[in-house]
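Work through the exercises below with the sequence and the 3D view at hand. Try each task before reading its solution.

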Amino acid sequence: MWRRLMLPVTAFWVLTACDMNLYESVVKPKTDRALMEEARIKIDEQDYDGALSSLDKVGRDSNDLRLLRSAARLGQSGLSMWTILTDIVDGTGFDSGTGSGVDNFFDQISGAVVGEGEARTLRLAALTESVSDLLQAPDPNASRVKNLACFLAGVMALPTVTDATTAIQSTTTSLASLAATVDVSNPNAQCPDLSGLNSSLTTIANVQNQFSLILEATANCKLLDVTGTGSDLNAIEAQLAKFNQNADAGCSSTPACGSGAACQALGLQCVYDALTTGSGVSTAQDGQVSKCELVQNCLTPGTCF
């Protein structure tokens, strides 16, 4: 009887002994290659959470890892190439694009591709994270990585323009309210309450970060070239070129202003300080649009958007 009892005990000891763990030869950690293949399968099965979980376990960074992570992240938000193509096909102007090839494709992309409400928030966040992730890939200039980052930035452009227009309008209202309580003829007049303006500038800062990412991803990109003019530009190129040219015009503590109340408020030192807090020097046509440049140069939204 003791012999029968000892057999399973002995077997258990053998399996769990530190130096003779038979499970080690059976249960091995998955290789990076296996984890990435597992993620590909899960993406095909639309198990995006599972795909991201597999990719989180990959030890070695690579362009392929970044590309797969972008696909999973976008799928998780409900945004895929199929979503984008559906938006294009459903658009009323599908046959009226003035360009050809890639230009015609970009002519058809609308801001509606990201949807509305919570879906819009999730998709824009996924686009932002994906573009940022791709720009930091081990080899960001590899064609697949650079072109995907550029394409996704193009998809982001029109929704970001919408957000920028809304943010500018909110900031204009805040500036006009401030002008009603401060002597705008005195640049050194104290601002009694900047809470409304600072709230608007928080949104402006988010939009500014979005545009900075878009401009970085589309720089020297074969899919989107904002250096052309007129009919040489597709719809998204034209929008980015207009923004880049007119918004990236520098920022001054004594901006040339019209007679509008909001514009006059920009001449207050306290407002200039609020616009430049946390920002470096704003230099015209340096390829970067600061928060201050965005407000001063785009106060009339039609100038930049």
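The exercises go from the whole chain to single residue pairs. Keep in mind that this is a predicted model.

**Exercise 1. The overall build**

Task: Find how many helices and strands the protein chain has, and what share of its residues is buried.

Solution:
- Step 1. Count the elements. The protein chain has 14 helices and zero strands.
- Step 2. Turn to burial. Of the 305 residues, 41% are buried.
- Step 3. Look at the contacts with a separation of 6 or more. Residues 24 or more positions apart account for 68% of them.
- Step 4. Add the surface. The accessible surface is about 16500 Å², and carbon and sulfur atoms hold 53% of that area.

**Exercise 2. A bridge between two helices**

Task: Locate the partner of aspartate 64 in a salt bridge. Then say which helices the pair ties together.

Solution:
- Step 1. Find the partner. Aspartate 64 pairs with arginine 144, and their closest N and O atoms are 2.5 Å apart.
- Step 2. Place both residues. Aspartate 64 sits in helix α5 (residues 63-77) and arginine 144 in helix α9 (residues 143-179), so the bridge joins parts 80 residues apart in sequence.
- Step 3. Check the exposure. Aspartate 64 has a relative accessible area of 30%, so it is partly exposed. Arginine 144 reaches 57%, so it counts as exposed.

**Exercise 3. A pair inside a network**

Task: Is arginine 73 buried or exposed? Which residue network includes it?

Solution:
- Step 1. Start with the pair. Arginine 73 and glutamate 129 form a salt bridge, with the closest N and O atoms 3.1 Å apart.
- Step 2. Place the pair. Glutamate 129 is in helix α8 (residues 117-135) and arginine 73 in helix α5, so parts 56 residues apart in sequence are tied together.
- Step 3. Apply the cut-off. Buried means under 20% relative accessible area. Arginine 73 is at 16%, so it is buried. Glutamate 129, at 44%, is partly exposed.
- Step 4. Widen the view. Salt bridges link Asp61, Arg66, Arg69, Arg73, Glu129 and Asp133 in a network. The whole structure has ten salt bridges.

**Exercise 4. A nonpolar patch**

Task: Which residues make the nonpolar surface patch of about 350 Å²?

Solution:
- Step 1. Name the members. Met81, Trp82 and Leu85 make the patch.
- Step 2. Place one of them. Methionine 81 lies in helix α6 (residues 81-90).
- Step 3. Check the exposure. Methionine 81 has 43% relative accessibility, so it counts as partly exposed.

Notes
Residues are numbered from 1 along each chain as its sequence is written. This is a predicted model: local features need pLDDT of at least 70, side-chain atom pairs count only at pLDDT 80 or more; totals for chains, interfaces and linings use all residues. Side-chain values use heavy atoms; hydrogens and water are left out. Patches are made of residues with over 30% relative accessible area and no salt bridge: like charges are joined within 9 Å, nonpolar side chains (Val, Leu, Ile, Met, Phe, Trp, Tyr) within 5 Å. Accessible areas come from the Shrake-Rupley method with a 1.4 Å probe; for residues, only the protein chains shown count as cover. A salt bridge is a side-chain nitrogen of Lys or Arg within 4 Å of a carboxyl oxygen of Asp or Glu. Helices (H or I, at least four residues) and strands (E, at least two) are DSSP runs, numbered from the N terminus. Buried means under 20% relative accessible area, exposed over 50%, partly exposed in between (1.4 Å probe, protein chains only). Contact means heavy atoms within 4.5 Å.
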